[in-house]
Amino acid sequence: MRRIFSYIDHMDVAVIGGSLAGLQAALTLGRARRQVVVFDDGQPRNRPAEHVHNYLGAEDPAPGELLAAGRRQVAAYGVEFRDARVEDVTVDDEGFVVDGISVRAIVLATGLRDELPDVPGVADGWGRSVVACPHCHGWEVRDQPLVQLGMRGAPDRSVARALLLSRWSEDVVLCTDGDELSDAQQDRLAVAGVKVRTERVAKVLAPKVELESGEVLAPARLFVVVRQHQQSDLAEQLGCQVAEGAVVADEGGRTTVPGVYAVGTTAAPALLAIGAAGHASTAAVAVHNDLLELDLGGGW
Ligand SMILES: Cc1cc2nc3c(=O)[nH]c(=O)nc-3n(C[C@H](O)[C@H](O)[C@H](O)COP(=O)(O)OP(=O)(O)OC[C@H]3O[C@@H](n4cnc5c(N)ncnc54)[C@H](O)[C@@H]3O)c2cc1C
C-alpha cells in the first residue's frame, strides 16, 4: 500500500521521458496515489515547432508552454522530477533501479527521433517551414501552394503522404527526388489533383525546393516524409521486443518484459500529441491495476 512518508530511494514507478505521454502517465499515477519519479532530458520531438496544434483545450501553445503547464499540474500530486537522461536501468529482485532509486515498474515514454530526407537544407527549416504532418500543420497553410518532398527509395510512402496532403490544398506538387512511380500511383495522384516532379532535388532553401534543373518551387510550407527511430535504447537494454521502430506493447502499454510499460509514441509512433497523452493515461491505469495485484501479494 502507499507509504505515509516519501522515501526518495524507493518508489512505485519511474517514468522515463517527461513530455506529453510521460507527464500524462505521471498525472494518472500520481492521482492514483502512486509514488512516481519522472526523468526527462528535455528533448521532446516537437521542440523546433512554434506551436502545438490539434490539442483539445490548449489553443496552439508553444511546446515548452504546454509541458511547463503539465509539469506544474503533475507536481501538485507529489510526483518528483529529475532533469536527467537515464542511460541504464538495473534489474534486481524487487524490480528496477534507476539512478539509485528502486522502483517496482518502469514506464518508457522516451519518444522518437526523426530521420529527415537526405537533401541539403531540409534540416534548417525543420519544425517551422519544413514539417511532416498535415494534421499538425496543414490547416495553417490550407489552400496555399504546397510541396510534398518524398523519401528517396520509399515511393509508396511518398505517394501516400502526397495524397493525404491533397485534402488541405488543390495545389500540391510531389517531388519524388529521383524515384519513378508506377502507372497506378500516377493515376491515383492524378485523381487527387497532385502534380508530380520526379527529377532529383538539388537543395532546399526552406520552404523553397530547388530541382536539379535549377527550377525553384516556392510553396507556403514544405512537407517531408520522415523515418522514425526510438530516441532511447532503454527498451532494448531491458530486453523488450522492438518491431518496426516501436516498442511492442499491449493496449495497457505492457511490453514483453513484466513491469516495463511503453506509452505514447514510444509504443505507437503515429500518434498525434493528444493521442500520445491518451495512450499514456490508459497505460497508467493498467500500471496501477498491475501494482494493485502486487500490493495484494500476486505477481506480474
Ligand atoms: C516538428 C514536429 C511538430 C509537431 N507538431 C505537432 C502538433 O502540432 N500537434 C500534434 O498533435 N503533434 C505534433 N507533433 C507530434 C508530437 O510531437 C508527438 O505526438 C508527441 O511529442 C509525442 O509525445 P511523447 O511523449 O510520446 O514523445 P516526445 O514528445 O518525443 O517525448 C519524449 C521525451 O523523452 C525524453 N527522453 C528520451 N530518452 C530519455 C532518456 N533516456 N532519459 C530521460 N529522458 C529521455 C525526451 O527528452 C523527451 O522529453 C509534432 C512532431 C514534430 C516532430
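Here are some notes on this predicted model, set out point by point.

1. **Overall make-up.** Let me start with the whole chain. The protein has 300 residues, and 48% of them are buried. Its secondary structure amounts to 7 helices and 19 strands. Measured out along the principal axes, the C-alpha trace extends over about 70 × 35 × 30 Å.

2. **Strand 9, a good place to begin.** Do the two faces of strand 9 lie buried or exposed? On this strand, which holds residues 146-149, both faces are covered. L146 and Q148 are buried on one side, while V147 and L149 are buried on the other. In a regular strand, side chains alternate between the two faces of the sheet.

3. **The neighbours of strand 9.** Strand 9 pairs with strand 10 (residues 172-175), and the two run parallel with 4 bridges between them. Between these strands the chain passes through helix 4 (residues 155-165), giving a β-α-β crossover that is right-handed. Strand 15 (residues 221-224) is also paired with strand 9, again in the parallel sense and over 4 bridges. L146 is a handy residue to click on here: its bridge partner in strand 10 is V172, and its bridge partner in strand 15 is R221.

4. **The small open sheet.** Strands 12, 13 and 14 are worth a separate look. These 3 strands make an open sheet in the order 12-13-14, with antiparallel pairing. Which strands stand at its edges? They are strand 12 (201-205) and strand 14 (216-217); each has a single partner strand, so one side of each has no neighbour in the sheet. Strand 13 (residues 208-211) joins strand 14 through 2 bridges in the antiparallel sense, and there E210 stands opposite V216 of strand 14.

5. **A cis peptide bond.** Please have a look at the bond from A206 to P207, which is cis with omega near 0°. P207 belongs to the loop between strand 12 and strand 13, two of the strands in the open sheet 12-13-14.

6. **Positive phi at R33 and E244.** Two residues that are not glycines deserve a glance in the Ramachandran plot. R33 has a positive phi of about 70°, and E244 has a positive phi of about 50°. Where do they sit? R33 is in the loop between helix 1 and strand 2 (36-39), and E244 is in the loop between strand 17 (242-243) and strand 18 (246-247). R33 is exposed, with a relative accessible area of 56%. E244 is exposed too, at 84%.

7. **The ligand and its shell.** How many residues surround the ligand? There are 37, and the closest are S19, D40, D41, Q43 and T265. Sorted by class, this shell holds 17 nonpolar, 15 polar and 5 charged residues.

8. **Backbone atoms at the ligand.** Several backbone positions approach polar atoms of the ligand. A polar backbone atom of H53 is 2.8 Å from a ligand nitrogen, and a polar backbone atom of V86 is 2.9 Å from a ligand nitrogen. For P44, a backbone N or O atom lies 3.5 Å from an oxygen atom of the ligand. On its own the ligand has 1000 Å² of accessible area, and the protein covers 98% of that. Helix 1 (20-31), helix 3 (134-137) and helix 7 (273-295) are the elements that give two or more residues to the shell.

9. **H53, seen from both ends.** I would finish with H53, whose backbone was named in the previous point for a ligand nitrogen at 2.8 Å. H53 is in the loop between strand 2 and helix 2 (63-75). H53 counts as buried because its relative accessible area is 15%, and the cut-off for buried is under 20%. What does its side chain contact? The H53 side chain makes a polar contact with the side chain of D60 at 3.1 Å. Another polar contact links the H53 side chain to the side chain of E140, at 3.4 Å.

Terms used. Residues numbered from 1 in each chain as written. Predicted model: local features only at pLDDT ≥ 70, side-chain atom pairs only at ≥ 80, totals over all residues. Heavy atoms only, no water. Buried < 20%, exposed > 50% of the residue type's maximum accessible area, 1.4 Å probe, protein only. Pairing = 2+ DSSP bridges. Right-handed = clockwise from strand over helix to strand, strands pointing away. Near = heavy atom within 4 Å. Polar contact = N/O pair within 3.5 Å; in protein donor to acceptor, adjacent residues only side chain to side chain. Areas by Shrake-Rupley, 256 points an atom, 1.4 Å probe, with all protein chains shown as cover. Nonpolar A, V, L, I, M, F, W, Y, C, P; charged D, E, K, R; others polar.
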